[in-house]
Amino acid sequence: EDTPKPKFSVGEVVYARDRKWGGLLYKAIIRRLVYGPFVPIDNGMQFDEDYLNVSSECWHYYVHFFNWGNKWERYIAERDVFCNSTEMQEKAKKIQMESRKKGSKQSSKLSAEITQKQEEERRIEQQQQQKLQEESMKAQQSKAISRENKLKEQNLSLPRTTVKFADRLYIPPPLQRILVEEWDLITANKQNDEVERVLPNLPAEVTVKDALDMYLKSKSDVSSTKEEENNNNLINEEWVEMTDGIALLFDQLLPHAILYEQEIPQYKVIENDDTLGLKRNCEIYGSSHLLRLVTKLPSMIENLPKHELCITSKIGDLIHFLHVNNKVLFKQSLYHKPLSCEMTSEERDAKKICK
């Protein structure tokens, strides 16, 4: 209530006396202002009586001096800030001319101090830039290592020299990228990561069932052009049996081996939903979840040596289909922040603490 109104406002052009560096008047613009204690600047100058005989608090203006860099910006007490007028302009020129004529040792010392300060600031700036570059390189290396670990966790390693079924199954890089980016979004930790975690909108625009139907249709079209009519039914039955088996396997394994831990609450909500609860899992979840299943299939069927070659070729063919048609099957997925019922127990506890 006792705070007086400031004489000047933000954005106003004024003349400011910089007592720290010689007491000259410079044209400046006010960037912000604050009311606080007044502390006289002791730099060896002789203070006039009006400067010292003041109240203990006053307005201070953070100013930018014209034709000077941002590093020279500082707070100036209100008693050293003047209106932008022709009179003050002439007074500023007069003070500068008198200062040049004197050519005193104090001026030389002041110039040396400024030069020394500039060199010191330049040295500190170079050190900071070097430190930032080193931190940036370390961050990039850490990120690369983190992505490698994520690929290993998803069993997405490139083919190796061994002859195991799991090693012969090749996941193209674009499909690997889809899995890793989705993993980042769904499992993000708000405290440690830059982004807040999300969940996919369900049912998906292109479901697992849609993708398998498209794949089956592509095999039917190919077989009808290459095989005779009496063999078509047999070939089609093989692909139908495969796609039906994958759909059934997806329904059974979804909550146990396909979903991430952060997706389980959402799965339980869908399971209890009056409408979605009546549908199969493959009719709700999208192609990215099918891709997760495909990456886990090798380890699941490794102990079936009699059918290894047949299954390898079929799964490899399905992966090729997903890769070729990835723009259609993996459209830009829509996500949403988890609702209260879709949060994990840790997130709900953290939310209660915040409240």
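Which residues does Glu263 touch, not counting residues up to four places away in sequence? Work through the exercises below to find out.

The model is predicted, so local features need pLDDT of at least 70 and side-chain atom pairs pLDDT 80 or more, while totals for chains, interfaces and linings use all residues. Residues are numbered from 1 along each chain as its sequence is written, and side-chain values use heavy atoms, with hydrogens and water left out.

**Exercise 1. Describe the surroundings of Glu263.**

Step 1. Place the residue. Glu263 lies in the loop between H7 and helix H8 (264-271). Helices (H or I, at least four residues) and strands (E, at least two) are DSSP runs, numbered from the N terminus.

Step 2. Check its accessibility. Glu263 has a relative accessible area of 0%, so it is buried. Buried means under 20% relative accessible area, exposed over 50%, and partly exposed in between (1.4 Å probe, protein chains only).

Step 3. List the neighbours. Glu263 touches Ile186, Leu199, Pro200, His289 and Arg292. Contact means heavy atoms within 4.5 Å.

Step 4. Look for a polar contact. The side chains of Glu263 and His289 are joined by one of 3.1 Å. The term covers a pair of N or O atoms within 3.5 Å; within protein, one must be able to donate a hydrogen and the other to accept it, and residues adjacent in sequence count only if both atoms are side-chain atoms.

**Exercise 2. Classify the aromatic pair of Tyr26 and Phe65.**

Step 1. Recall the rule. Rings of Phe, Tyr and Trp (its six-membered ring) pair if their centres lie within 6.5 Å; planes under 30 degrees apart count as stacked, over 60 as edge-to-face and the rest as tilted. The structure holds 8 aromatic pairs.

Step 2. Apply the rule. The ring centres of Tyr26 and Phe65 are 5.6 Å apart and the planes stand at 70 degrees, so this pair is edge-to-face.

Step 3. Locate the partners. Tyr26 is in strand E2 (residues 24-37) and Phe65 in strand E3 (residues 57-65), 39 residues apart. Both Tyr26 and Phe65 are buried.

Step 4. Widen the view. Tyr26, Phe65, Trp68 and Trp72 form one aromatic cluster.

**Exercise 3. Find a charge over a ring at Tyr62 and at Trp239.**

Step 1. Use the rule: NZ of Lys or CZ of Arg is within 6 Å of the ring centre and within 35 degrees of the ring normal.

Step 2. Take Tyr62. The charged end of Arg32 sits over its ring, 4.0 Å from the centre.

Step 3. Take Trp239. Lys219 lies over its face, 4.8 Å from the ring centre.

**Exercise 4. Explain what the salt bridge of Arg19 and Asp80 ties together.**

Step 1. Define the bond: a side-chain nitrogen of Lys or Arg within 4 Å of a carboxyl oxygen of Asp or Glu. The structure holds 11 salt bridges.

Step 2. Check the distance. The closest N and O atoms of Arg19 and Asp80 are 2.9 Å apart.

Step 3. Compare positions. Arg19 lies in the loop between strand E1 (13-18) and E2, and Asp80 in the loop between strand E4 (74-77) and strand E5 (81-83), so the pair ties together parts that are 61 residues apart in sequence.

Step 4. Check burial. Arg19 counts as buried at 8% relative accessibility, and Asp80 counts as buried at 4%.

**Exercise 5. Place the salt bridge of Glu120 and Arg123.**

Step 1. Give the distance. These side chains meet at 2.4 Å, N to O.

Step 2. Count along the helix. Glu120 and Arg123 are 3 residues apart in helix H3 (residues 105-153), so about one helical turn separates them.

Step 3. Check accessibility. Glu120 is partly exposed at 35% relative accessible area, and Arg123 is partly exposed at 37%.
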